[in-house]
Amino acid sequence: MAVLVVDGQDLVLRLSLPERLAARRAEVRVPLLAVRGISVERSAWRALRGVPVSGTSVPGWISLGVRRFPVGQDFAAVRASRPALCVDLGRGTEFARLAVSVRDPDATAVALRSAAGL
């Protein structure tokens, strides 16, 4: 399962080996200063925007990879059976949002808000 960790001045989304293979990417790294908001969406599918353009997506089950929408792109690592932690990012980053199913989204959100100064 994916994890979000703080590594120095960066927020890093690390994927498990099966997720890496499905998403075609090992991690996503963004500056903590780029974090604009953190929320928990109880329905992972409500956290998703746009359409998948790379990775693996099976509607109603899993979305791993890049999703493009009219004004940018997001990175998703969500499973239908779990809530999604949404990290909204500012301009100048590769993605506008990270949507991630993590083991404890509420605790992770609290920790990340503190690290990002939100």
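In what order do the six strands of the open sheet stand, and with what pairing? The order is β4-β8-β9-β7-β6-β5, with mixed pairing.

The views below come from a predicted model, in which local features need pLDDT of at least 70 and side-chain atom pairs count only at pLDDT 80 or more, whereas totals for chains, interfaces and linings use all residues. Residues are numbered from 1 along each chain as its sequence is written, and side-chain values use heavy atoms, with hydrogens and water left out.

**View 1. The open sheet of six strands and its edges.** Strands (E, at least two residues) and helices (H or I, at least four) are DSSP runs numbered from the N terminus, and two strands pair if DSSP finds at least two bridges between them. Strands β4 (35-41) and β5 (51-58) stand at the edges, each with a single partner strand, so one side of each is left without a neighbour in the sheet. Direction ignored, neighbouring strands of this sheet are turned by 15° against each other on average. Helix α2 (residues 105-116) lies across β4 and β8 and runs at about 170° to β4, where axes are lines fitted to C-alpha atoms, for helices over the stretch in contact, and angles run from 0 to 180 degrees between N-to-C directions.

**View 2. Strands β6 and β7, with the surroundings of Ser63.** Strand β6 (residues 62-69) pairs with strand β7 (residues 72-79) in the antiparallel sense over eight bridges, and Gly65 stands opposite Ala76 in β7. Ser63, which lies in strand β6, counts as buried at 1% relative accessibility; buried means under 20% relative accessible area, exposed over 50%, and partly exposed in between (1.4 Å probe, protein chains only). Not counting residues up to four places away in sequence, Ser63 touches Trp45, Leu48, Thr56, Ser57, Ala76, Ala77 and Val78, contact meaning heavy atoms within 4.5 Å. A polar contact of 3.2 Å joins the side chains of Ser63 and Arg67; such a contact is a pair of N or O atoms within 3.5 Å, of which, within protein, one must be able to donate a hydrogen and the other to accept it, and residues adjacent in sequence count only if both atoms are side-chain atoms.

**View 3. The pairing of β1 with β2 and of β2 with β3.** β1 and strand β2 (residues 10-14) pair in the antiparallel sense over five bridges, with Val6 opposite Leu11 in β2. These two strands form a hairpin with two residues between them, and Gly8 in the turn has a positive phi of about 65°. β2 and β3 also pair in the antiparallel sense over five bridges, and Asp10 stands opposite Pro31 in β3.

**View 4. The salt-bridge network that includes Arg29.** A salt bridge is a side-chain nitrogen of Lys or Arg within 4 Å of a carboxyl oxygen of Asp or Glu, and the structure holds nine of them. Asp7 and Arg29 meet in one such bridge (3.1 Å, N to O), which links distant parts of the chain, as Asp7 is in strand β1 (residues 3-7) and Arg29 in strand β3 (residues 27-31), 22 residues apart. Both are partly exposed, Asp7 with a relative accessible area of 35% and Arg29 with 37%. The side chain of Arg29 also meets that of Glu27 in a salt bridge (3.5 Å, N to O), and the network links Asp7, Asp10, Arg14, Glu27 and Arg29.
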